[in-house]
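This report describes the strand pairing and the cysteines of the structure shown below.

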Amino acid sequence: MENRQKNVSKKLHDLEFCRHYAVRRALKDSGVYFGQPPILDYLANNGTGTQNEIAKALYVSPASVSVSLRRMQKAGLIEKAADETDLRCNRMSLSEKGRDQHEYIHGCFEEIDRKLYAGFSDEELATLETMLTRLCENLKTILPAGKKMEEIMQEELEFGGACRHGQTD
């Protein structure tokens, strides 16, 4: 059983690596860096956002978001404007190029998922989803009781932890 568990853990690691590699390859010629799609998603879903709002939503540091936003603005993916109610604050929004890249990237992600799940039936995918949920639930037993995952991720970020959920550049 222990050897089988090690093999499954290795396969999960290999899967994470392969998916990471596929995403990086898909992004290579798009002008979008690996950690930027979550920012594009946030802005596409919310219309605008400040550096702090984006950082909080993605569970990353404002400094990390700042680097990404600066790079994205230079690439013409986002536009910056002063907040109408607080001139000390800048609001970011997608430019036309950013909207186009957001659409393109999601097409790439859908293609990666099509390849990833090729040959799986709906029943097999449901079984896989159940198993992955169980694995997550098993690991949640080591987390502080009564706390939501989002709270823990935010605490990790605040205390300098290596939380990578919404990883940016």
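In this account, two strands count as paired if DSSP finds at least two bridges between them. The model is predicted, and the statements that follow apply to that model.

**The sheet**

Three strands make up an open sheet, arranged in the order β1-β3-β2 with antiparallel pairing. The edge strands are β1 and β2, each of which pairs on one side only. Strands of a sheet pair through backbone hydrogen bonds, in either a parallel or an antiparallel sense.

Strand β1 covers residues 48–49 and is joined to β3, residues 90–94, by two bridges. These two strands run antiparallel. Strand β2, residues 78–82, pairs with β3 over five bridges, again in the antiparallel sense. The table gives bridge partners found in β3, including one for a residue of β1.

| Residue | Bridge partner in β3 |
|---|---|
| T48 | S93 |
| I78 | L94 |
| A81 | R91 |

**The cysteines**

How many disulfides does a search of the whole structure find? The search finds zero. C18 is in no disulfide, and the nearest cysteine sulfur, that of C108, lies 18 Å away. A disulfide requires a pair of cysteine sulfur atoms within 2.5 Å, so the separation of 18 Å between the sulfurs of C18 and C108 does not meet the cut-off.

Is C18 buried, partly exposed or exposed? C18 is partly exposed, its relative accessible area being 47%. C136 is likewise partly exposed, with a relative accessible area of 46%. Both values fall in the range between buried, under 20%, and exposed, over 50%.

Notes
Residues are numbered from 1 along each chain as its sequence is written. This is a predicted model: local features need pLDDT of at least 70, side-chain atom pairs count only at pLDDT 80 or more; totals for chains, interfaces and linings use all residues. Side-chain values use heavy atoms; hydrogens and water are left out. Helices (H or I, at least four residues) and strands (E, at least two) are DSSP runs, numbered from the N terminus. Buried means under 20% relative accessible area, exposed over 50%, partly exposed in between (1.4 Å probe, protein chains only).
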